[in-house]
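Student: Before we begin, I should like to see the sequence and the model together, and then ask how each descriptive term is justified.

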Amino acid sequence: MFRASVNDQAPFEIDFSGDQPVLNGQPLTWDLARLNDRMFHILYQNRSYTAEVLDLNPTEKTATIKINQSIHQIALKDRFDLLLEQMGMSTASLTKINDIKAPMPGLILSLSVQPGDTVHKGDTVLILEAMKMENVIKSPTDGTIKTVRISRGQTVEKNQVLVEFS
């Protein structure tokens, strides 16, 4: 069972555990055909729809889907999210991130930030070379850079603090 909301509208419940989906307790009778990895053809109530998955983020349980020419933002909550919400613990994952640590030993190839810079979640902060591979280290959160504890060309150890946020 999932609770979903589309374009921040009122949520609905959908269950995929049986032979056909159940939407708000009612069977959803549709015909769904996969065209390729990201495209589907849907027949619902004698109408034809083409759906394309534009973006899928399993970590955040969100998706952006284009149905015919309309783009829709979808947010899902699974049974665990709903249970945590019921227990008043839904904000537990919103802990503040204070720093970025080295995920592995390596060499700092480039640094894209300096103290005082504002970064957004997903922005490139630095590139770390490890085992002849370049690893792009991105910001895990929105914030302002407080301290940069490394420099270009420096070797770092696993779990070493590289950048601190204000």
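The following dialogue takes up the terms one by one.

Tutor: The model is a predicted one, in which local features need pLDDT of at least 70 and side-chain atom pairs count only at pLDDT 80 or more, while totals for chains, interfaces and linings use all residues. Residues are numbered from 1 along each chain as its sequence is written, and side-chain values use heavy atoms, with hydrogens and water left out.

Student: How many helices and strands make up the secondary structure of the protein?

Tutor: The protein has one helix and 17 strands. Helices (H or I, at least four residues) and strands (E, at least two) are DSSP runs, numbered from the N terminus.

Student: What is the radius of gyration of the protein, set against that of a compact globule?

Tutor: The protein has 22 Å, whereas a compact globule of 166 residues would have a radius of gyration near 15 Å. The radius is taken over C-alpha atoms, and the globule rule is 2.2 Å times the number of residues to the power 0.38. The C-alpha atoms fill a box of roughly 65 × 40 × 25 Å along the principal axes.

Student: How much of the protein counts as buried?

Tutor: Of the 166 residues, 22% count as buried. Buried means under 20% relative accessible area, exposed over 50%, and partly exposed in between (1.4 Å probe, protein chains only). The accessible surface comes to about 11500 Å², of which 52% belongs to carbon and sulfur atoms; such areas come from the Shrake-Rupley method with a 1.4 Å probe, and for residues only the protein chains shown count as cover.

Student: Why is the contact between Arg-3 and Glu-13 called a salt bridge?

Tutor: A salt bridge is a side-chain nitrogen of Lys or Arg within 4 Å of a carboxyl oxygen of Asp or Glu. The N to O distance for Arg-3 and Glu-13 is 3.9 Å, so the pair qualifies. Arg-3 lies in strand S1 (residues 2-6) and Glu-13 in strand S2 (residues 12-15), 10 residues apart. Arg-3 has a relative accessible area of 26% and is therefore partly exposed, as is Glu-13 with 32%. By the salt-bridge rule the count comes to seven.

Student: What does the salt bridge of Lys-121 with Glu-60 tie together?

Tutor: The closest N and O atoms of Lys-121 and Glu-60 are 2.7 Å apart. Lys-121 lies in the loop between strand S12 (118-119) and strand S13 (124-130), and Glu-60 in the loop between strand S7 (47-57) and strand S8 (62-67), so the pair ties together parts that are 61 residues apart in sequence. Glu-60 is partly exposed, with a relative accessible area of 41%.

Student: In the salt bridge of Arg-149 and Glu-164, is Glu-164 buried or exposed?

Tutor: The relative accessible area of Glu-164 is 18%, which is under the 20% limit, so Glu-164 is buried. Arg-149, at 46%, counts as partly exposed. The two side chains meet at 3.3 Å, N to O. Arg-149 is in the loop between strand S15 (143-148) and strand S16 (155-156), and Glu-164 in strand S17 (residues 161-165), 15 residues apart.

Student: What makes S14 and S16 edge strands?

Tutor: Two strands pair if DSSP finds at least two bridges between them. The open sheet has the order S14-S13-S11-S16, with antiparallel pairing. Strand S14 (133-138) and S16 each have a single partner strand, so one side of each is left without a neighbour in the sheet. Two bridges join strand S11 (residues 106-111) to S16, and Gly-106 stands opposite Val-156 in S16.

Student: Which strands stand at the edges of the sheet S10-S17-S15-S12?

Tutor: The edge strands are strand S10 (99-101) and S12, each pairing on one side only. This open sheet of four strands is antiparallel too. Three bridges join S15 to S17, so the pairing criterion is met. Val-148 stands opposite Val-163 in S17.

Student: What is notable about the phi angles of Asp-8 and Met-131?

Tutor: Most residues other than glycine have a negative phi. Asp-8, in the loop between S1 and S2, has a positive phi of about 60°. Met-131, in the loop between S13 and S14, has a positive phi of about 50°. Asp-8 counts as exposed at 76% relative accessibility, and Met-131 counts as exposed at 78%.
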